[in-house]
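Trainee: I am new to this structure and would like a close look at one part of it. Could you walk me through how the helices pack, and then what surrounds the ligand?

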Amino acid sequence: MTDIVLIGPPGVGKGTQALVLADRAGLTHLASGDLLRASIRDETVLGLLAKTYVDSGRLVPDELVVDMMVDRMLSAGDTLLDGFPRTVAQAEELEERLGRVRRRIDAAVLLTAPRLTLIRRIVGRRSCRACQAQYNTYFAPSRVEGICDACGGELVTRSDDNATTAQLRLEVYDNQTAPLVEHYRAAGVLREIDGTGDPDEVAGRIAASLSVAAAEPKVGPP
Ligand code: AMP
């Protein structure tokens, strides 16, 4: 089994890179934010419990997210975890549960970018309601504002992508998720990647770093 974690502040391009990497490496892409938004849309019990946290940019309680993600991981094969774990407590609980089935985290890829880039990527982000195509009003605008180039569908903004919530999400990252970087660095599995520039270039940097990662030690019980 191969399990890779993708870490980075909101707006760094985790979602975009996750799709490329999952495809290239044959991994199942599990994005905690996407799964939570789907639960909210479907009004499941988890969605109802998570909604106020997601809308306000705060972290959903660890136990809800850990159960959701571990259940998915165990029924998937090799995985790419996107947005999870997001706290050291989540990482430790994940390692404990994976250890029970003799799985462990093989590599943690950290994407970085300057703060102004992150804010523009978040606040400018738009996606097509119909076909999910992604745009950015600063970096990759649609030809006609608010309309998808690909299918003519309506472009929408995520409820937590406004400036105030973006700022809070960045603070939450600094306070609660950044310590995770040290956790994976200490375990010897961290790969730090510059997330600025063309998405293809970033994808190339990630791929190059992971071919090195295969020979490195793994996180989790022996
Ligand atoms: P994302 O799509 O990764 O930016 O996540 C959107 C929101 O979902 C976050 O602001 C949190 O409210 C929630 N969320 C996603 N992943 C986690 C996680 N691992 N732990 C707690 N909350 C999460």
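Mentor: Happy to! Let's start with helix 5 (residues 88-100) and helix 7 (residues 163-186), whose axes come within 8 Å and cross at roughly 40°. Keep in mind as you look that this is a predicted model. That crossing angle makes helix 5 oblique to helix 7, because angles that count neither as roughly parallel, roughly antiparallel nor roughly perpendicular are called oblique. To find the contact on screen, pick out Val88, Ala91, Glu92 and Glu95 on helix 5. Across from them, helix 7 brings in Pro179, Leu180, His183 and Tyr184. Sorted by character, the residues of this contact come to five nonpolar, one polar and two charged.

Now turn to another pair. Two packed helices are described by the angle between their axes and the distance between the axes. For helix 2 and helix 4 (residues 62-75), the angle is about 105° and the axes lie 11 Å apart. Helix 2 and helix 4 are therefore roughly perpendicular to each other. Here Ser32, Leu35 and Leu36 of helix 2 meet Val65, Met68, Met69 and Arg72 of helix 4. The contact of helix 2 with helix 4 is made up of five nonpolar residues, one polar and one charged.

Hold on to Ser32, as this residue leads us to the ligand. Besides meeting helix 4, Ser32 is one of the residues that come nearest to the ligand, along with Arg37, Arg58, Gly83 and Gln90, out of 18 residues around the ligand. A polar atom in the side chain of Ser32 sits 2.7 Å from a ligand nitrogen. Gly83 uses its backbone instead: one of its backbone N or O atoms is 3.0 Å from a nitrogen atom of the ligand. Arg158 takes part through its side chain, where an N or O atom lies 3.2 Å from an oxygen atom of the ligand. As for how covered the ligand is, on its own it exposes 480 Å², and the protein buries 95% of that.

Which helices help to build this shell? Helix 2 (32-41) and helix 3 (45-56) each supply at least two of its residues, and helix 2 gives the most, with four. In character, the shell around the ligand holds seven nonpolar, five polar and six charged residues. So if you want one place to begin exploring by yourself, try helix 2: this helix packs against helix 4 at an angle of about 105°, and gives the most residues to the shell around the ligand.

Methods: Residues numbered from 1 in each chain as written. Predicted model: local features only at pLDDT ≥ 70, side-chain atom pairs only at ≥ 80, totals over all residues. Heavy atoms only, no water. Near = heavy atom within 4 Å. Polar contact = N/O pair within 3.5 Å; in protein donor to acceptor, adjacent residues only side chain to side chain. Areas by Shrake-Rupley, 256 points an atom, 1.4 Å probe, with all protein chains shown as cover. Nonpolar A, V, L, I, M, F, W, Y, C, P; charged D, E, K, R; others polar. Axes fitted to C-alpha atoms, helices over the stretch in contact; angles between N-to-C directions. Parallel < 35°, antiparallel > 145°, perpendicular 65-115°, else oblique. Contact = heavy atoms within 4.5 Å.
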